[in-house]
Amino acid sequence: MLRLLSVMAIVAAFLTASPAIAQDPPAVAAAPASARDTMRTMIEAAKKEGSVAYFDTVLQPETHDELTAAFRKTYGMPAAFPVRYTLSATLNLITRVEQEVNSGNVTIDIASIASPPWINGLVRAGHITQYDSPAYQAFGAAFAAGLGKPGYYAFNGAYIFVPVWNADTLTFKGKSWKDILGAAPPGRMSLNDSGNSATGVLTYMGLRSILGVEYFKDLAKMKPVFILRSEQTAERLVSGQDLMAFGGMPTRVHQYNERGANLKFILPTEGVVLLGQASFILAKAPHPNAAKLWLDFTLSEQGQTILSKREALISGRSGFKSPLPEFAPAIDSLKLIKMDWDAIDQEAIRQAKAEWQGIFTP
C-alpha cells in the first residue's frame, strides 16, 4: 500500500509540473537549463510591456511579417502581440534617433543602421543599452572586423553596393570596378547619392582608398543619375531607364529576379565594402525586455535564415550556411576592403562627402 501511494505521489508531482514544462515556448525549451528561468521572466515582462517597435533601412514588409510570426511562436507571445516596424532611409533614421535621444522622448526600441562610426558615437554617449545577447557568441569574426561591439551591437544583416545591370538591355562582361568606366552611355547609369546617403559616403570612402580620386572623376564624365533608395535603383534598371547601376544591391537583384527580372551583378576583383546593419537597443527604450527578445531572435540562426532568405543579407554568424549563397555569400568568402571603423569620425565623413560633391556636382 505504501509503495502504491509513493508511485501515485510521483505521478501526481509529474502531472503538476508537466503543464509548466509543456507550456514553455521553443526558445525556453532550447535554452540551457541555467538560462531558462531568466528567459521566462523576460518573456513575461515583455508581454506586460505590450509591444515592441523597431526601425530598419532595408527590410521589406514581407520579411517583417515572416520575422514577426516566427518571433511570436519562438517566445510564446500572443498572436496579437504588436511588433511595430518602420522602414526608413538611413539619414532620416539617424536624424530621428538623434532627435529622440537629445529630447529624452524615446519611442524607438531597436534601430538597425549601417553606420558604425555614428553608432560608436552613441555608445560613447551612453545612448545604447549595454546588453550581452546570447547570440553574440556566434559573431566573433564580425566583431574582429570592427562590425560590432560586444555588449552593445551586432549586425542583423550586411549588404554591399556593387555593379548591377539588366542583362536584357546590356551585355557586360567586366570583372573589375575599372570595367564600369564607359560601360554605359552618358546619363544611362545610376550612382548612390553619397551627398545624402550615410552608407553611400562610407562606400565611397572605401572605394576611394583602392581606386583613387581620379577614378571617380572619370566616372563623373558618365553623367550618372543620383539615386537614394536601392529599390528605385533596381526599378530603373528593370524599366530600362538605366542600363547599369554603379552601386546596386544583390538583395534587390534577388527580389526583382524573383518577379521575373533578369538583373546581374558582379563582386569586383578589388573587393567590396561590407555594410553591416548594426542593431542596437536605445538606452531609454520604452519596451526593453521585448527589445532584448527581438534582438536575440533576429541574431539567432533562425532569424538570420529568414533575413538571408528574404533579403539576401549577409549574416555575421560564424559558420552560418546561407540559403542564398549566390546573393548572400558567407562573410568569410568575401574579399573585403579594409575599413578602420573605429578611426572614422564625423569630420572624416564630412570631408569625404564634400569631396564627393565636388567631383559629381556641376
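These are my notebook entries on a predicted model, covering confidence, salt bridges, nonpolar cores and one helix.

**Ground rules**

I number residues from 1 along each chain as its sequence is written, and my side-chain values use heavy atoms, with hydrogens and water left out. Since the model is predicted, local features need pLDDT of at least 70 and side-chain atom pairs count only at pLDDT 80 or more, while totals for chains, interfaces and linings use all residues.

**Entry 1: confidence**

I began with pLDDT, the predictor's confidence in each residue, from 0 to 100. The chain has a mean of 92, and 94% of its residues reach 70 or more. Where does pLDDT stay under 50? I found that stretch at residues 1–20. For these residues the model has zero contacts (heavy atoms within 4.5 Å) beyond four places in sequence. Where pLDDT is low, the predicted coordinates should not be read in detail.

**Entry 2: salt bridges**

Next I looked up charged pairs. Side chains of opposite charge can pair when their charged atoms come close. I counted a salt bridge when a side-chain nitrogen of Lys or Arg is within 4 Å of a carboxyl oxygen of Asp or Glu. That rule gives 15 salt bridges.

Helices (H or I, at least four residues) and strands (E, at least two) are DSSP runs, numbered from the N terminus. For accessibility, buried means under 20% relative accessible area, exposed over 50%, and partly exposed in between (1.4 Å probe, protein chains only).

- Asp37 and Arg40 form a salt bridge at 2.7 Å, N to O. Both sit in helix 3 (residues 33–49), three residues apart, about one turn of the helix. Asp37 is exposed at 54%, and Arg40 is partly exposed at 31%.
- Glu100 and Arg96 also pair, at 2.7 Å, N to O. They are four residues apart in helix 5 (residues 90–103), so about one helical turn separates them. Glu100 is buried at 6%, whereas Arg96 is partly exposed at 32%.
- Glu347 and Arg350 make a salt bridge of 2.7 Å, N to O. In helix 14 (residues 346–360) they are three residues apart, so about one helical turn lies between them. Glu347 is partly exposed at 37%, and Arg350 is partly exposed at 48%.

I also noted a network: Arg229, Glu231, Arg252 and Glu311 are joined by salt bridges that share partners.

**Entry 3: nonpolar cores**

In soluble globular proteins, nonpolar side chains tend to be buried together. My nonpolar core is a set of buried Ala, Val, Leu, Ile, Met, Phe, Trp, Tyr and Cys residues joined through side-chain atoms within 4.5 Å.

Which residues touch the most other members of the largest core? Of its 102 residues, they are Phe71, Tyr75, Phe216, Leu219, Met244 and Phe246. Helix 12 (residues 288–299) gives the most to this core, with seven residues. I followed Tyr75 further: beyond its neighbours within four places in sequence, its contacts are Pro25, Ala27, Met39, Ile43, Leu293, Asp296 and Phe297. Apart from the largest core lies another of 19 residues, including Phe55, Leu93, Val97 and Val101.

**Entry 4: helix 6**

My last stop was helix 6 (residues 116–124), which is mostly covered, with seven of its nine residues buried. Which ones are buried? I listed Pro116, Pro117, Trp118, Ile119, Asn120, Leu122 and Val123. Among the elements covering them are helix 5, strand 3 (110–113), helix 8 (198–211), strand 10 (275–281) and helix 14. Just after helix 6, I noted that Gly126 takes a positive phi of about 80 degrees.
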